[in-house]
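Me: I'm new to this one and would like a close look at a single part of it. Could you walk me through how the nonpolar side chains and rings pack together?

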Amino acid sequence: MFFRASFIFLLVLNYSYASYEKVSIGDIDSSYSDKITKQQLRVIIKEIENIFEQQLGFNVFDLDKQGKPIDLIYMPPSKAKQTVLEGIETLKKKKREIEIMQEYFLSKKEYMQSTKAKLQKQQRVLNEQVRSLNDYIQKANNRKIDSRSEMNEIRRYINKRKRVIQSSQNRFEQRRIKFNNFLSAYNQKIFLYNSLIRSFNRLQRKIEVIARSIKEIKGAAIGYKKVIYETVEKNGVKQNRRIEENYMGKIEIYGFESLKQLKAILAHELAHLVGVGHIEKRGALMNPVLQDGQVMNLRLTNEDIKAFKEVF
């Protein structure tokens with residue numbers, strides 16, 4: 001009757017929970033050899049660092065040889081934007097299915113715990129009834145029985161207790177079978193859930209590969225989130241717990257028309273790397289659409305500053 005289930009939920013993210021990061025200059029594709037050098041990129045990164053620190057009042061990243069790499073990758077233009085958009089819609093549907101299944105697992109937590117507790121209690125009561133009857137039979141066997149009527153009385157009592165125990169046993173078995181059937185269905189849902197997660201991740205990786213070839217996508221902070229749902233036993237009690245681990249690995253820049261544009265793109269992705277998400281305010285650095293004003297004059301708006309301070 002003991003049950004343990006764990007499954008891993010993996011997602012590629014463009015930002016994670018806020019954390020100070022160290023970054024380094026990674027690979028620069030040879031296609032950019034006439035547009036930028038590593039020294040120029042180093043200067044741009046330091047300028048972004050100074051802008052962030054001056055406007056925020058604290059430092060969120062530093063340039064370090066051992067830091068997360070910033071790679072400049074050349075991706076030729078592609079006509080696959082519609083494929084990406086359709087894929088994103090499919091991802092949204094799959095994500096909703098995942099969320100529904102997660103809600104189901106959480107909704108069954110109390111039922112699983114209470115049913116297992118009732119089964120364990122029933123088992124203890126049943127064991128005590130059997131033990132008590134066996135003690136009675138043993139004592140009856142060890143003493144002298146003087147009359148047939150006394151023997152018949154003992155037999156009637158034993159048969160009565162057996163019927164009571166059998167009734168208890170039947171109720172216990174019915175509940176146990178029902179619970180085992182539930183666990184079988186629950187495990188099947190976990191299997192389907194894991195299949196859905198794998199399908200989700202395959203599609204997302206496919207979209208990422210295609211997206212890198214789309215000219216509109218200028219860069220990304222690459223990372224992933226691992227979520228583990230686990231049912232464990234502690235001091236005889238089953239407990240469900242949710243463990244989240246977030247990782248940010250690197251920044252990739254896929255295209256830029258000028259050093260000023262690169263600076264704006266890189267600042268946006270550095271903010272993602274340290275944990276800041278998108279905001280919809282027009283003109284903000286963290287707007288998902290590249291803002292011309294940020295290209296001409298990189299700065300943090302009030303909305304950007306608020307977004308940074310909310311996560312740090």
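Which residues have the most contacts inside the largest nonpolar core?

Reply: A quick note before we dive in: this is a predicted model, where local features need pLDDT of at least 70, side-chain atom pairs count only at pLDDT 80 or more, and totals for chains, interfaces and linings use all residues. Residues are numbered from 1 along each chain as its sequence is written, and side-chain values use heavy atoms, with hydrogens and water left out.

Now, your core. The residues with the most contacts inside it are Ile-48, Phe-52, Phe-61, Leu-72, Leu-266 and Phe-308, and the core has 38 residues. By "nonpolar core" I mean a set of buried Ala, Val, Leu, Ile, Met, Phe, Trp, Tyr and Cys residues joined through side-chain atoms within 4.5 Å. "Buried" is under 20% relative accessible area, "exposed" is over 50%, and "partly exposed" is in between (1.4 Å probe, protein chains only). In soluble globular proteins, nonpolar side chains tend to be buried together.

Who chips in? Strand 2, helix 1, strand 4, strand 6 (237-253), helix 5 (259-274) and helix 7 (302-311) each bring at least two residues to this core, and helix 5 gives the most, with eight. Helices (H or I, at least four residues) and strands (E, at least two) are DSSP runs, numbered from the N terminus.

Zoom in on Phe-61. Leaving aside residues up to four places away in sequence, Phe-61 touches Tyr-20, Glu-21, Val-23, Ile-45, Ile-48, Glu-49, Phe-52, Leu-270 and Val-274; a contact here is heavy atoms within 4.5 Å. There's also a second, separate core of 21 residues, which includes Leu-119, Phe-179, Ile-190 and Phe-200.

On to the rings: the structure holds 14 aromatic pairs. Rings of Phe, Tyr and Trp (its six-membered ring) pair if their centres lie within 6.5 Å; planes under 30 degrees apart are stacked, over 60 edge-to-face, and the rest tilted. One of the pairs is Tyr-32 with Tyr-74, edge-to-face at 6.4 Å centre to centre and 70° between the planes. This pair links distant parts of the chain, 42 residues apart: Tyr-32 is in the loop between strand 2 (21-28) and helix 1 (38-56), while Tyr-74 is in the loop between strand 4 (68-72) and helix 2 (81-107). Tyr-32 is buried, at 3% relative accessible area, whereas Tyr-74 is partly exposed at 40%.

Finally, ring pairs link Tyr-104, Phe-105, Tyr-111, Phe-179, Phe-182, Tyr-186 and Tyr-193 into a cluster.
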